[in-house]
Each structure stands twice: as structure tokens, then as C-alpha cells.
Amino acid sequence: MKRRNFLKNTGTATAGLISVPLLGACEKKKAVNTITNSIETIRPIVICTWDFMNASAKAWEVLQKGGNALDAVEQGVMVEEADVNNQTVGVGGRPDRDGNVTLDACIMDKDGNCGAVLCLENIAHPISVARKVMEDTPHVMLTGTGAEQFAYEQGFEKTNLLTEQSKKEWLEWKKTSRYEPIINIENHDTIGMLAIDKNGDISGACTTSGMAYKMAGRVGDSPIIGAGLFVDNEVGGATATGVGEEVVRTVGSFLIVELMRQGKSPQEACEEGVKRIIGKNSDHTDFQIGFIAINKKGETGGYCIQPGFTYRTYSQAGHKNNPSDSYINS
Ligand code: SD4
């Protein structure tokens, strides 16, 4: 069943697109910005959490060839899912306390379609399974064995996700088994990615192996639409990295998009999102939350509770690693 066929595309953002001739290597279009009603120039751009140069380069390659934002974010984050040296995403991810690697991912497109997989085992590319959930089922989320079964039916191969390195570290951790999930000051690298394509359309993706040595069955924010990721093609998109429980409590990414809808810049919206979380935690010194956001004009922002957070942008202007402001530093 193709759920998309049942959805009516209201096309609020794309309805205003007016093509203009190609300008150099970068195709530019004029679009009516539905927030401000002003005419803005749209240029493709991709942004992602942390310093994922290869992932953003892959997404940029898709955008530069004229590909759409959905393909760009999927293919971009797949680079990190395949990287065994990234122990927070995909193959090589750190396992839960029982030694099982369980993956969370979600994806959202310009029409508000979304798909997610939670606690998925033995599949190297959860983001692609999430996309299949979005496009080929009437559902938004599949979890655990149901998600895994669905993946096999869709032709995904069974893959061992636990690398020797992650296994060694887990066995070491088990010697003390102190469960102190104050991750994401050192233990981070979840990838959230947002892109705008040549039509000015926005999509986003987020994928992670979650908190290292978590309880079996634990799910964070990353596969939860509105928490780890949210896109509204009329406004912009946001995505999160850090301690998922805190992001879920504030429905962080949705909040940031709504703040942009009300007129805040991506930077201001990310700062406000972080401050909401801080407001609910008297002691916020031992965890990290970072948000990045993009608006319809292609303006970007990023903000984090702890110092050391960066986010990468890739656009016609080039590849840039942006150190983000942090609450502690401010
Ligand atoms: C989670 N937000 O599962 C994820 C973890 C993360 O960098 O972002 N790690 O809570």
C-alpha cells in the first residue's frame, strides 16, 4: 500500500515556486516564502549534527545533481550508519546492557509524511527501513521484531552490528556494570540531518544506536517525530542530539519549528529549545543536548547545553564546520 497515494498534497510551499533561468552552476528559484510573504532566493543546502564531513558531502552530492532533499538526507546519514568507527550510529554502535545493538531512526519529508523504526536489530541501515515504513505501509512507526521482520520482507539483509571494538568495550563496562547514562558529553555522534533541495523543499533524517549500555528496549528521542526530528515545509526543520529523555520531555524539534513559525531565527529557536530543557533541570551540568535548525530561507542555527558542539553545513558556498554557541559558555 502506498500511503502517499492517500495523502493530499496541499503544496503550500511549492505552489508559490516560480522558475527562473539557471544561474551558473547553482540552480536558483524564486519562491514565495509562506511565513513572511516575501520573495526569497532558494539555494540547496544540507546541515547535520557534529562534524560529519563525509555524510554531508554525500548529501550535497545528491542535491548538486538536482536530487531531492529526501534522497539527500537518507543517503547522507547512511554514510554514518555504515561507518564502524562511529559507535553511536548503525554498524559498530555500542550495545545495550545485554550486549545487543538496537537502532532507532526516523525520516520526514516535505509533505509531512514520516516513518520510524525503534529498537531495530541486525539491520545496517535503519534509516532506509524507516523510509520504507513511510512509503510502503499505512503506519509511522515499527518496533523491535516487527520492524526487523518488515525489513527482511523488504529485502534488507541480516547483518551483525556488534563490532569487536564495541564488544570489547561492553565487556569491560560489564565488569563494573555501573549504569550511569550521563552520555553525550564524550559519548555522542548521533546524526540528524536537514536539507533543502533546488525546489526549496525540506526533508530530514535522524539515526542512532542510542544511549550506550541502555536498558533493553529503551528508546530515546531520535526516532520520535517531533522530538528528535521535525520538518514543516512551510517553516523549516530541526533535529536533536544528546540525552533523548530530555528532548522527548519538551518535544524539542517540534518546539523549535514552532518557534521559527512565530518568527524566531533558527539560532534563536535552538537557544530557546535548549533553555526550555535547562528550565526543567536544576542540574544540567552532566548531560548534553544539541539542536540544529534550518528555515525556509536556508538560514541555519545550532545551540547546545555543553560546549564542544559543532554542526556542519554544506552549500554552494562550501563545506563548513560551525562551532555552536553553548549555554555554559554564554
Ligand atoms: C538518544 N539522542 O538515544 C540519542 C543519543 C544521541 O549522540 O544523540 N547521541 O537519546
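Trainee: What makes the pair formed by Ser-222 and the ligand a polar contact?

Mentor: A polar side-chain atom of Ser-222 lies 3.5 Å from a nitrogen atom of the ligand. A polar contact is a pair of N or O atoms within 3.5 Å; within protein, one must be able to donate a hydrogen and the other to accept it, and residues adjacent in sequence count only if both atoms are side-chain atoms. The Ser-222 pair therefore qualifies. This is a predicted model, in which local features need pLDDT of at least 70 and side-chain atom pairs pLDDT 80 or more, while totals for chains, interfaces and linings use all residues. Residues are numbered from 1 along each chain as its sequence is written, and side-chain values use heavy atoms, without hydrogens and water.

Trainee: Which atoms of Thr-241 and Gly-244 are paired with an oxygen atom of the ligand?

Mentor: For Thr-241, an N or O atom of the side chain is 3.1 Å from a ligand oxygen. For Gly-244, a polar backbone atom is 2.8 Å from a ligand oxygen. The protein buries 100% of the 290 Å² that the ligand exposes when taken alone (accessible areas by the Shrake-Rupley method with a 1.4 Å probe; for residues, only the protein chains shown count as cover).

Trainee: How many residues of each class form the shell around the ligand?

Mentor: The shell has two nonpolar, 10 polar and three charged residues. Ala, Val, Leu, Ile, Met, Phe, Trp, Tyr, Cys and Pro count as nonpolar, Asp, Glu, Lys and Arg as charged, and the others, Gly among them, as polar.

Trainee: Why is H2 called roughly antiparallel to H3?

Mentor: Helix H2 (residues 69–82) and helix H3 (residues 126–136) pack at about 150°, with axes 8 Å apart. Angles over 145 degrees count as roughly antiparallel, under 35 as roughly parallel, 65 to 115 as roughly perpendicular and the rest as oblique. H2 is therefore roughly antiparallel to H3. Axes are lines fitted to C-alpha atoms, for helices over the stretch in contact, and angles run from 0 to 180 degrees between N-to-C directions. Helices are DSSP runs of H or I with at least four residues, and strands are runs of E with at least two, numbered from the N terminus.

Trainee: What makes H3 and H4 roughly perpendicular?

Mentor: The axes of H3 and helix H4 (residues 144–153) cross at roughly 85° and come within 10 Å. The pair is therefore roughly perpendicular. In contact (heavy atoms within 4.5 Å), Val-129, Lys-132 and Val-133 in H3 meet Ala-147, Phe-150 and Ala-151 in H4. By class, these are five nonpolar, no polar and one charged.
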